[in-house]
Amino acid sequence: MKKLGHPLPRSTRTAVSIARHPIHPMVVPFPIAFLLGIVATDVSYLMTEDPFWGRVSLWLAGAGTFLGIFAGVIGTLELMFIRGVRHRAAAWSHFILAVMLLAVAFINWLSRLDDPLGAIHGSGLYLSLLGAFLVAVAGWLGGDLVFEHYVGLGKDQEEDGGDQQERNEDQQR
């Protein structure tokens with residue numbers, strides 16, 4: 001059990017990649033930006049009453065949801081296939097929050113389909129704010145997995161400029 005408190009070796013590679021470049025961090029910025037953008041477009045609609053912003057919120061909610069599902073599938077594959085990741089509390093917390101976020105995003109998008117403008121006055125803004133909060137917490141945990149647990153860095157010590165002492169420390173873990 002003590003071993004699980006230590007970061008994974010820095011040579012831990014990603015499970016889903018293109019030419020050794022991890023796909024999950026390439027895809028994830030898009031749903032993050034779209035889901036955070038809904039808050040801005042909802043507030044813009046409430047301030048200006050311009051229907052354009054309501055339509056933009058609908059499109060952002062849909063694009064954020066479906067790109068988020070794509071990123072989630074990739075993240076789930078990473079969770080299942082990288083040895084040692086499944087034993088990390090941060091990995092499961094990130095996974096659970098991401099699933100919650102996708103559920104909130106889907107409900108937010110679904111509630112806007114019939115009446116994009118009316119949904120903002122109803123629960124739309126609240127769902128957007130909840131989604132933004134979940135993005136922040138899930139993103140924090142995802143960053144923790146990369147920067148604290150070295151998940152998916154995929155660099156050999158020689159590539160990273162590491163020295164012999166770092167290699168020895170990683171092997172002892």
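Which residues have the most contacts inside the largest nonpolar core? In this predicted model, they are Leu35, Ile38, Leu97, Leu101 and Leu134, and the core that holds them has 15 residues. Helices H2 (29-48), H3 (51-81), H4 (89-112) and H5 (116-147) each supply at least two residues of this core. Apart from it lies another core, of seven residues, including Leu79, Ala90, Ala91 and Val151. In soluble globular proteins, nonpolar side chains tend to be buried together.

**Overall architecture**

The protein chain has seven helices and two strands. Read from the N terminus, its elements follow the order β-β-α-α-α-α-α-α-α. Of the 173 residues in the protein chain, 39% are buried. Among contacts with a separation of 6 or more, 75% join residues that are 24 or more positions apart. The accessible surface of the protein chain comes to about 9,900 Å², and carbon and sulfur atoms account for 68% of that surface.

**Ile38 and Asn108**

Ile38, one of the residues with the most contacts inside the largest core, touches Ser57, Leu60, Ala61, Asn108, Arg112 and Ser128, leaving aside residues up to four places away in sequence. Its partner Asn108 lies in helix H4. With the same exclusion of residues up to four places away, Asn108 touches Ile38, Gly124, Leu127 and Ser128. The side chain of Asn108 also makes a polar contact with the side chain of Arg112, at 2.7 Å.

Is Asn108 buried or exposed? Asn108 counts as buried because its relative accessibility is 3%, under the 20% limit. Glu49, in the loop between H2 and H3, counts as partly exposed because its relative accessibility is 43%, which falls between the limits of 20% and 50%. Glu49 also has a positive phi of about 60°, although it is not a glycine.

The two residues are set side by side below.

| Residue | Location | Relative accessibility |
|---|---|---|
| Asn108 | helix H4 | 3%, buried |
| Glu49 | loop between H2 and H3 | 43%, partly exposed |

**The bend in H5**

Where is helix H5 kinked? The kink, of about 70°, is centred on Ser123. A straight helix of 32 residues would span 46 Å at 1.5 Å a residue, whereas H5 spans only 39 Å between its end C-alpha atoms. Helix H5 is also one of the helices that each supply at least two residues of the largest core.

Terms used
Residues are numbered from 1 along each chain as its sequence is written. This is a predicted model: local features need pLDDT of at least 70, side-chain atom pairs count only at pLDDT 80 or more; totals for chains, interfaces and linings use all residues. Side-chain values use heavy atoms; hydrogens and water are left out. A nonpolar core is a set of buried Ala, Val, Leu, Ile, Met, Phe, Trp, Tyr and Cys residues joined through side-chain atoms within 4.5 Å. Buried means under 20% relative accessible area, exposed over 50%, partly exposed in between (1.4 Å probe, protein chains only). Helices (H or I, at least four residues) and strands (E, at least two) are DSSP runs, numbered from the N terminus. Contact means heavy atoms within 4.5 Å. Accessible areas come from the Shrake-Rupley method with a 1.4 Å probe; for residues, only the protein chains shown count as cover. The expected span of a helix is 1.5 Å times one less than its number of residues. The bend at a residue is the angle between axes fitted to the seven residues ending there and the seven starting there. A polar contact is a pair of N or O atoms within 3.5 Å; within protein, one must be able to donate a hydrogen and the other to accept it, and residues adjacent in sequence count only if both atoms are side-chain atoms.
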